[in-house]
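Me: I have a structure open and would like to go through the labels people attach to its parts. Could you explain how each one is earned?

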Amino acid sequence: MSKPVERISKGIVRVLGLNPGPFTLQGTNTYVIGNGHRRLLVDTGDGAQPEYLTLLRQTLDGSQIDQILLTHWHPDHVGGLPLLLHSDLVTPDLSIYKRHDTEHPVDGAKNIVDGQTFVVDEMTLTAVLTPGHTNDHVALLINSKQKILVTGDLILGQGTTIVDALMPYMQSLDRVRALMPEVLLPGHGPVIQGDTEGQSNAVRVIDGYIAHRKMREKQILQTVAGTPPTEGALGWSVEQITAAVYPDIIDPRVVWAAQKNVRLHLDKLLSEKKVKQVADPLDPQTSLWTLI
């Protein structure tokens, strides 16, 4: 069970958004950065839990927020913004930043560009554009005694994340891997830090994410190479592939996410000319998948 408020290091406190669920895990992690009277906040929770403001008020202890950085547009990360704007926890000259996205704008937010820096007290946060989970996704590298990376939903503290576009997502994983972070502050789940057998747990988790996606791709290729479960069928449906690759998933919401992941892998494999789509003779609107 995650503590609702956790001090990560000097000047970095995690405040839980109090919105647990199958996709948010224990809830959305928001991060208060700084030690002075003016602090920086990364993400805002979903806005559905007024108790979150109570936790934030206790954490700020009389100080105020004058910068809010949003890692991406999903409601569980930006939904708390209206609640904050109508509170006394933010300064009159508050600045809000989010990577511009015409489909999911946030009123009043300034654009974030790659390499942009945000200063609070003695700390500097550097924006690292990491599309894939969403098109507007941004991670943040914090200069500290350790190399700390705020990952948003690029990487979670446990399990894996959903993805909008697989190719850029894999490129984003490679990019943050090259940074060699020592601590990961995820959008959901526990903080990742420390070492195991001489290797940074942060790097080990990133490597695991990359290996996991490659494993899923291999499983999908092996599945569509087999005989389709429907007698006489020309290929496999997305639902059939998902059931074969994720046999233990029963929650309908998680099944939907798994089917989305399968489609993303199939789109990537299609672009690489490793699989092909064929129409189902019994339902021409349904695509079946098979090896080329």
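Me: Thanks! What makes Asp114 buried, partly exposed or exposed?

Reply: Happy to help, and please keep in mind that this is a predicted model. Asp114 has a relative accessibility of 39%. Buried means under 20% and exposed means over 50%, so Asp114 counts as partly exposed.

Me: How do you know that Asp114 and Arg175 meet in a salt bridge?

Reply: The distance from N to O in this pair is 2.8 Å. The cut-off is a side-chain nitrogen of Lys or Arg within 4 Å of a carboxyl oxygen of Asp or Glu, so Asp114 and Arg175 qualify. The pair links distant parts of the chain, 61 residues apart: Asp114 sits in the loop between strand 6 and strand 7, and Arg175 in helix 4 (residues 166-178). Arg175, at a relative accessible area of 35%, is partly exposed.

Me: What makes Arg38 and Asp93 a salt bridge?

Reply: Their closest N and O atoms are 2.6 Å apart, and the limit is 4 Å. Arg38 belongs to strand 4 and Asp93 to strand 6, so this pair ties together parts that are 55 residues apart in sequence. Arg38 has 38% relative accessibility and counts as partly exposed; Asp93, with 44%, is also given as partly exposed. By this rule the count comes to 14 salt bridges.

Me: Why is Lys268 called buried?

Reply: Its relative accessible area is 14%, and buried means under 20%, so the label fits Lys268. Lys268 lies in helix 7 (residues 252-271). Neighbours within four places in sequence left aside, Lys268 is in contact with Leu166, Met167 and Glu217.

Me: Which residues are linked with Lys268 in a network of salt bridges?

Reply: The network joins Glu217, Lys268, Glu272 and Lys274. One of its links is the salt bridge between Glu272 and Lys268, at 3.0 Å from N to O. Glu272 is partly exposed, with a relative accessible area of 30%, while Lys268 is buried.

Me: On to the rings. Why is the pair of Tyr97 and Phe118 called stacked, tilted or edge-to-face?

Reply: By the rule used here, the count comes to one aromatic pair. The ring centres of Tyr97 and Phe118 are 4.8 Å apart and their planes stand at 70 degrees. Centres have to lie within 6.5 Å for a pair, and planes over 60 degrees apart count as edge-to-face, so this pair is edge-to-face. Tyr97 lies in strand 6 (residues 90-98) and Phe118 in strand 7, so the pair ties together parts that are 21 residues apart in sequence. Both Tyr97 and Phe118 are buried.

Me: What makes strand 1 and strand 6 edges of their sheet?

Reply: The sheet is an open one of six strands, in the order 1-2-3-4-5-6 with mixed pairing. Strand 1 (5-9) and strand 6 each have a single partner strand, so one side of each is left without a neighbour in the sheet. On average, and with direction ignored, neighbouring strands of this sheet are turned by 25 degrees against each other.

Me: How do you know that strand 2 and strand 3 pair?

Reply: There are five bridges between them, in the antiparallel sense, and at least two are needed. In strand 3, Asn29 is the bridge partner of Leu16. Helix 1 (residues 51-60) packs on the sheet, and its direction makes about 165 degrees with that of strand 2.

Me: What makes Leu18 stand out in its phi?

Reply: Leu18 has a phi near 65 degrees, a positive value in a residue other than glycine. Leu18 is placed in the loop between strand 2 (12-16) and strand 3 (29-33). Asp121 has a positive phi too, of about 50 degrees, although it is not a glycine. Asp121 is found in the loop between strand 7 (117-120) and strand 8 (123-129).

Me: Last one: how do you know that the buried residues of helix 6 line one face?

Reply: The buried residues of helix 6 (residues 238-245) are Val238, Ile241, Thr242 and Val245. Seen down the axis of helix 6, they fall within an arc of 100 degrees, so they line one face of the helix. These buried residues pack against helix 5 (201-224), helix 7 and strand 15 (283-291).

Note on methods:
Residues are numbered from 1 along each chain as its sequence is written. This is a predicted model: local features need pLDDT of at least 70, side-chain atom pairs count only at pLDDT 80 or more; totals for chains, interfaces and linings use all residues. Side-chain values use heavy atoms; hydrogens and water are left out. Helices (H or I, at least four residues) and strands (E, at least two) are DSSP runs, numbered from the N terminus. Buried means under 20% relative accessible area, exposed over 50%, partly exposed in between (1.4 Å probe, protein chains only). Contact means heavy atoms within 4.5 Å. Rings of Phe, Tyr and Trp (its six-membered ring) pair if their centres lie within 6.5 Å; planes under 30 degrees apart count as stacked, over 60 as edge-to-face and the rest as tilted. Axes are lines fitted to C-alpha atoms, for helices over the stretch in contact, and angles run from 0 to 180 degrees between N-to-C directions. The arc is that of the directions from the helix axis to the C-beta atoms.
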